[in-house]
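Here is a short briefing to read alongside the sequence and the model. Take a look at the structure first, and then walk through the points below.

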Amino acid sequence: MNTFTHAKHAAADFLQELKLGAMEVLLNQLQTQTHRLLHALLQGPESWRLQLQELAGVQSVLDTTPITKLIASDRSEVAKKACGAVAQFAEMSGTAFAPFADVVLPSLVSTAPNKVQVFRQAGKDCLTTISTVSKYDMKILVSLWRQSRTSEARCLIVQQVTTVVRVWPKSELAEHCDDVLLLLSGAIQDPKDFVRAAAREALCAFAETWYGPVYHVVA
């Protein structure tokens, strides 16, 4: 390797470190701002002006923070903190988090095939939290299932269906019933046994609400 090539590689490595450092700074800003918002929320409805101020602060950070890139970071600590910050914000925001959930959903599903447990667990925990305390467009989840090329991602998606049908009101799922059943009918025939097991659990949960449609899937 000649001197010029060596210098070029060194410069590229340096720029990458600067980029990762900047991402960590933005992530720390997001965590700090969400903590401030939580503190304001705990003060009760009389502090609504402060709550609005801190919420605007969170929005300002989100406008400049490439959160989907942080979730997909190749540094486990960055990805873990990003997923934790997103989950915390979802818990604080509830159903109001839904528009943001639609944005991060693909990135969280993409963590499933990662060979490193830290990445997989962080993404799964975050997505499960969102499915439990907030909402997202089910059409996006179904679309991700259709596009998925890995069994790990398919399993994670099916697990969200189980959570959703147990937690979300039936009225909010009614319009997606056919799409979800189509997803589960494919999952129950998946080549991987752990995906089929997740599908069986989801179908059992689904049957508690819609016995008739599920019967046609398993019959």
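**A pocket, some pairs and a patch**

The second largest pocket holds about 170 Å³ of space. Keep in mind that this is a predicted model. The protein chain has twelve helices and zero strands, and buried residues account for 42% of its 219 residues.

**The second largest pocket**

- Ten names are worth having at hand as you look into the second largest pocket: Ala-112, Gln-117, Arg-120, Gln-121, Lys-124, Glu-152, Cys-155, Leu-156, Gln-159 and Phe-194 line it.
- Which helices each supply at least two residues of this lining? They are α6 (117–133) and α8 (151–167).

**Overall fold**

- Following the sequence, you will read the pattern α-α-α-α-α-α-α-α-α-α-α-α.

**Salt bridges**

- Side chains of opposite charge can pair when their charged atoms come close.
- How many salt bridges does a search of the whole structure find? The search finds four, and three of them are described here, beginning with Lys-135 and Glu-172.
- In the salt bridge between Lys-135 and Glu-172, the closest N and O atoms are 3.9 Å apart. This pair links distant parts of the chain, 37 residues apart: Lys-135 sits in the loop between α6 and α7 (138–147), and Glu-172 sits in helix α9 (residues 170–173).
- Is Lys-135 buried or exposed? Lys-135 counts as buried, since its relative accessibility is 17% and the cut-off for buried is under 20%. Its partner Glu-172 is partly exposed, with a relative accessible area of 35%.
- Arg-146 and Asp-179 also meet through their side chains in a salt bridge, at 4.0 Å from N to O. Here too, distant parts of the chain are linked: Arg-146 belongs to helix α7 and Asp-179 to helix α10 (residues 177–187), 33 residues apart.
- Arg-146 is exposed, with a relative accessible area of 54%, whereas Asp-179 counts as partly exposed at 27% relative accessibility.
- The side chains of Glu-201 and Arg-166 form another salt bridge, with an N to O distance of 3.6 Å. The two residues are 35 residues apart and link distant parts of the chain, with Glu-201 in helix α11 (residues 193–207) and Arg-166 in helix α8.
- Glu-201 counts as partly exposed, at 41% relative accessibility.

**Cysteines**

- If you were looking for disulfides, the count comes to zero.
- Why does Cys-126 have no such bond? The closest cysteine sulfur, in Cys-83, is 5.0 Å from the sulfur of Cys-126, and that is too far for a bond, because a disulfide needs the two sulfur atoms within 2.5 Å.
- Cys-126 is buried, with a relative accessible area of 1%, whereas Cys-204 counts as exposed at 52% relative accessibility.

**A nonpolar surface patch**

- Which residues make the nonpolar surface patch of about 310 Å²? Trp-48, Leu-52 and Leu-55 make it.
- To find the patch in your viewer, you could start from Leu-52, which is found in helix α2 (residues 48–64).

Notes. Residues numbered from 1 in each chain as written. Predicted model: local features only at pLDDT ≥ 70, side-chain atom pairs only at ≥ 80, totals over all residues. Heavy atoms only, no water. Patch = residues over 30% accessible without salt bridge, like charges linked within 9 Å, V, L, I, M, F, W, Y side chains within 5 Å. Areas by Shrake-Rupley, 256 points an atom, 1.4 Å probe, with all protein chains shown as cover. Helix = DSSP H or I, 4+ residues; strand = E, 2+ residues; numbered from the N terminus. Buried < 20%, exposed > 50% of the residue type's maximum accessible area, 1.4 Å probe, protein only. 1 Å grid on protein atoms, 1.4 Å probe; cavity = no way out; pocket = protein on both sides within 12 Å on 5 of 7 lines; lining within 4 Å. Points joined across faces, edges and corners; volume = space filled by probe spheres on them.
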